[in-house]
Amino acid sequence: MKVLVTGVKGQLGFDVVNELEKRGHETIGVDIEEMDITDEESVNRVIREAAPDSVIHCAAYTAVDAAEDNEELCERVNATGTEYIARVCRDLDIKMMYISTDYVFNGQGTRPWEPDDEREPLSVYGRTKYQGELAVEENLTKYFIVRIAWVFGVNGKNFIKTMLNLGKAHDKLTVVADQTGSPTYTYDLARLLVDMIETDKYGRYHATNEGLCTWYEFACEIFKQAGMDVKVEPVGSDQYPAKAKRPSNSRMNKDKLEENGFERLPSWQDALKRYLEVISV
């Protein structure tokens, strides 16, 4: 199978390309230099010339707070750019996978979000990712929408790297304890996404590593596994006012994966252990 992957410089796109190549798929990885997704002509030309069997669309504007001040750019990337890709995929009868986020929900309550729950985003980032989902759904029948959350990978910045750096400079930190979700390792996620793109079991899915924690609990486990003596104190989100509203509930129901024959990802603690081994080499 020939697969075109967008956003190859990002944490997830990088791992998806590696996984596809490992399995012997012909892979074309693009980032903004090769294909500016906000430029319809660029999208048309690159995808038509590549003539892939499928597209895995990982590229996105993900700076959640900056998005509040750069609404137009965020919308061009996450919504308009996704629509350009979806239209070409429709015209060429190519299957498409769109990587989305738990931010399309309102983040309230404690019940895990179902793939078909009502979408009610609270931020510019969430709204534009929701618009991207609609662009895929309105243009295609052969699509996967995969919502992910709390992602960490070797390539790029993430919460783990931030904590490790802060832990080197401070012996005491405060971390929010009123947001709950599942940390997700892009290496594990990439394997699942390739499993999925190899099938025609289309639809909306949720994909994160197994288990739940707060950011505070995540930080405690990071320092414990890294063998660092850092005291972490739990605080409320009101102690860290941010431009974009964060979901307090990022729990995601992943039963649909098993129902369609896909394997659930390992626990987030196991993923963290393997990740720390990789980045400390």
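Visitor: Why is the sulfur of Cys-74 in no bond with the closest cysteine sulfur?

Guide: Because the closest cysteine sulfur, in Cys-58, is 17 Å from the sulfur of Cys-74, which is too far for a bond. Keep in mind that this is a predicted model.

Visitor: OK, how many disulfides does the structure hold?

Guide: Zero. Take Cys-213 as another case: it is in no disulfide, and the nearest cysteine sulfur, that of Cys-220, is 9.9 Å away. A disulfide needs the two sulfur atoms within 2.5 Å.

Visitor: And is Cys-74 buried or exposed?

Guide: Cys-74 is buried, with a relative accessible area of 0%. Cys-213 counts as buried too, at 2% relative accessibility.

Visitor: Let's switch to charges. How many salt bridges are there in the whole structure?

Guide: A search of the whole structure finds 32 salt bridges. As background, side chains of opposite charge can pair when their charged atoms come close.

Visitor: Show me one. What does Arg-23 form a salt bridge with?

Guide: With Asp-195, and the closest N and O atoms are 2.8 Å apart. The pair links distant parts of the chain, 172 residues apart. Arg-23 sits in the loop between helix H1 and strand S2, while Asp-195 is in helix H7.

Visitor: How covered up are those two, Arg-23 and Asp-195?

Guide: Arg-23 counts as partly exposed at 30% relative accessibility. Asp-195 is partly exposed as well, with a relative accessible area of 28%.

Visitor: Got another pair? Which side chain meets Glu-133 in a salt bridge?

Guide: That of Arg-119, at 2.7 Å from N to O. Glu-133 lies in helix H5 and Arg-119 in the loop between strand S4 and H5, so the pair ties together parts that are 14 residues apart in sequence.

Visitor: Are Glu-133 and Arg-119 buried or exposed?

Guide: Glu-133 is buried, and Arg-119 is buried as well.

Visitor: What about Glu-210, which side chain does that one meet?

Guide: Glu-210 meets Arg-264 in a salt bridge, 3.1 Å from N to O. Glu-210 is in the loop between strand S10 and strand S11, and Arg-264 is in the loop between helix H9 and helix H10, so this pair ties together parts that are 54 residues apart in sequence. Glu-210 is partly exposed, with a relative accessible area of 24%, and Arg-264 is partly exposed with 23%.

Visitor: Which residues are joined into one network by salt bridges that share partners?

Guide: Asp-116, Arg-119, Glu-133, Glu-137, Arg-147 and Arg-204. You've already met Arg-119 and Glu-133 as a pair.

Visitor: New topic: holes! How many cavities of 30 Å³ or more turn up?

Guide: One. Its volume is about 30 Å³. If you want to find it, look for the lining: Tyr-103, Phe-105, Leu-122, Ser-123, Lys-245 and Pro-247.

Visitor: And on the outside, which residues make a nonpolar surface patch?

Guide: Val-154, Val-278 and Ile-279 make one of about 190 Å². Val-154 sits in the loop between strand S6 and helix H6, and at 33% relative accessibility it counts as partly exposed.

Visitor: Back to the chain itself. How far apart are Gly-13 and Thr-186 in space?

Guide: They are 8.7 Å apart, C-alpha to C-alpha, although 173 residues separate them in sequence. Gly-13 is in helix H1, and Thr-186 is in helix H7. Gly-13 is buried, with a relative accessible area of 1%, and Thr-186 is buried with 0%.

Visitor: Now try Thr-186 and Gln-131, how far apart are they in space?

Guide: Those two are 24 Å apart, C-alpha to C-alpha, with their places 55 residues apart in sequence.

Visitor: Last thing, backbone angles. What is phi of Ala-51 near?

Guide: Near 45°, a positive value in a residue other than glycine. For context, most residues other than glycine have a negative phi. Ala-51 lies in the loop between helix H2 and strand S3, and counts as partly exposed at 44% relative accessibility.

Visitor: And what about phi of Asp-93?

Guide: Asp-93 has a positive phi of about 55°, although it is not a glycine. Its place is in the loop between helix H4 and S4. Asp-93 is exposed, with a relative accessible area of 54%.

Conventions:
Residues numbered from 1 in each chain as written. Predicted model: local features only at pLDDT ≥ 70, side-chain atom pairs only at ≥ 80, totals over all residues. Heavy atoms only, no water. Buried < 20%, exposed > 50% of the residue type's maximum accessible area, 1.4 Å probe, protein only. Patch = residues over 30% accessible without salt bridge, like charges linked within 9 Å, V, L, I, M, F, W, Y side chains within 5 Å. Areas by Shrake-Rupley, 256 points an atom, 1.4 Å probe, with all protein chains shown as cover. Salt bridge = Lys/Arg side-chain N within 4 Å of Asp/Glu carboxyl O. Helix = DSSP H or I, 4+ residues; strand = E, 2+ residues; numbered from the N terminus. 1 Å grid on protein atoms, 1.4 Å probe; cavity = no way out; pocket = protein on both sides within 12 Å on 5 of 7 lines; lining within 4 Å. Points joined across faces, edges and corners; volume = space filled by probe spheres on them.
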